[in-house]
Amino acid sequence: MSGPDLGLLRAEVREFLAGQLAAGAFRPSVDSWLCGWDEDFTAALARRGWLGMTVPKEYGGHGRSFHERFVVTEELLAAGAPVAAHWIADRQIVPSLLKYGTEQQKSEFLPRIVRGECFFGIGMSEPDSGSDLASVRTRGVRVEGGWSITGTKVWTSGAHRAHAFIVLARTEPVDPSHRHDGLSQFIVDLHAPGVDVRPIISMNGGHHFNEVVLDEVFVPDAMVFGTIGQGWAQVTSELSFERSGPERFLSTFPLLAHAVESTSAEPGLGRLIARVAGLHHMSTAVADALQRGENPDVSAAVVKVLGTTVEGDIAEFADQQTGDNTPPDAVWADLVATAVDQRPGFTLRGGTNEVLRGVIARGLGMR
């Protein structure tokens, strides 16, 4: 992940961010990829060619590498920039469309994502299924010209602002001995008849999660995503993109950077910095695998488990430093409060650490 081209790109992104900060376009925040919804900022990134970087040019993209995209996203996250509006579309939907989408779906959605004009959510989790996606109860029933989708999805980030989301539904009866069979995915318009988006307000008053109720929502055949019955294989492939990115260890980086600048030397600070540095190298290795077209599901799970753990430890460290030795600082206080509030979710979203340890063990051949 080194070299003059990547170094120049990193410098360019840092210069852009410095200009945005100086202009007051944003204030660094914790969990900016989840909570920092700013469509104007997204549009500014699109104008610079920093959305849909890996999308082929024939679909309106830039045909750049996973390495280049990693550099841009890492710098944005490290700065705490507000990237939530396009995050899911750029992180998950783009590679999923390129792998499983039809030509119609690619042509319809990819150019709009690249331009920062189309935002997506993910419809996986349900009230009674949690990380056990094989137990989803949302059903897809074949009807004339398409499918009728009924069920409830929960923890759907940005659904109240997004245009569409990809829904995992059961299209065949459950076979207890093959629970992962009979699942399919659909692209659902969040403004379609029968879709009810209900806010889930966090304890700090923030609104980024939602419950989405689907009541016989019609999805045309053209919006079937991938192959009917292959939803489980598709979902596990998509989760590699969700679990391995730099957001899995940089959500609290603005707080760590502020701690380096504003606190005295503390025994735990160096260890936290070293852990983040190690995770940087691990995450770049996943980017290497993606560039080679490999499926890094096990290494992605490792990054997610270790990364979200260190994020929580950064929040705890910062909270412990807010005593008499810390000068009064409104920015610091706000970052700490947000990090502490968000901490319970770090190891839950994208699959709990307990579930992911099972993924890692199975991937390594352990029983």
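User: In this model, how many aromatic pairs does the count come to?

Analyst: The count comes to 9 aromatic pairs. Keep in mind that this is a predicted model.

User: Why is the pair of phenylalanine 16 and phenylalanine 41 called tilted?

Analyst: Two numbers settle that. The ring centres are 5.9 Å apart, and a pair needs centres within 6.5 Å. The planes sit at 50°, while stacked means under 30 degrees and edge-to-face means over 60. So the pair lands in the tilted class.

User: What makes this a link between distant parts of the chain?

Analyst: Phenylalanine 16 belongs to helix H1 (residues 4-22) and phenylalanine 41 to helix H3 (residues 39-47), with their positions 25 residues apart in the numbering. Both phenylalanines are buried, too. They also belong to one aromatic cluster, formed by Phe16, Phe26, Phe41 and Trp50.

User: And why are tryptophan 33 and tryptophan 87 a tilted pair?

Analyst: Their ring centres are 6.4 Å apart, and the limit is 6.5 Å, so they count as a pair. With planes at 45°, neither the stacked cut-off of 30 degrees nor the edge-to-face one of 60 is met, so tilted is what's left. Tryptophan 33 is in helix H2 (residues 32-35) and tryptophan 87 in helix H5 (residues 84-100), 54 residues apart.

User: How do you know whether tryptophan 33 and tryptophan 87 are buried or exposed?

Analyst: Buried means under 20% relative accessible area. Tryptophan 33 has 7%, so it counts as buried. Tryptophan 87 has 2%, so it counts as buried as well.

User: Why does valine 141 count as partly exposed?

Analyst: Its relative accessibility is 45%, and the partly exposed class runs between 20% and 50%, so valine 141 falls inside that class. Valine 141 is in strand E2 (residues 139-143), and together with Val143 and Phe218 it makes a nonpolar surface patch of about 240 Å².

User: What makes the span of helix H10 close to the expected one?

Analyst: Helix H10 (residues 267-291) has 25 residues and reaches 38 Å from first C-alpha to last, close to the 36 Å expected at 1.5 Å a residue. Its buried residues include Leu272, Val276 and Leu279. Just after H10, glycine 293 takes a positive phi of about 80°.

User: How do you know the protein agrees with a compact globule?

Analyst: For 367 residues, such a globule would have a radius of gyration near 21 Å; the protein has 20 Å, so the two agree. Of those residues, 53% count as buried.

How values were computed
Residues are numbered from 1 along each chain as its sequence is written. This is a predicted model: local features need pLDDT of at least 70, side-chain atom pairs count only at pLDDT 80 or more; totals for chains, interfaces and linings use all residues. Side-chain values use heavy atoms; hydrogens and water are left out. Patches are made of residues with over 30% relative accessible area and no salt bridge: like charges are joined within 9 Å, nonpolar side chains (Val, Leu, Ile, Met, Phe, Trp, Tyr) within 5 Å. Accessible areas come from the Shrake-Rupley method with a 1.4 Å probe; for residues, only the protein chains shown count as cover. A salt bridge is a side-chain nitrogen of Lys or Arg within 4 Å of a carboxyl oxygen of Asp or Glu. Helices (H or I, at least four residues) and strands (E, at least two) are DSSP runs, numbered from the N terminus. Buried means under 20% relative accessible area, exposed over 50%, partly exposed in between (1.4 Å probe, protein chains only). Rings of Phe, Tyr and Trp (its six-membered ring) pair if their centres lie within 6.5 Å; planes under 30 degrees apart count as stacked, over 60 as edge-to-face and the rest as tilted. The expected span of a helix is 1.5 Å times one less than its number of residues. The radius of gyration is taken over C-alpha atoms; the globule rule is 2.2 Å times the number of residues to the power 0.38.
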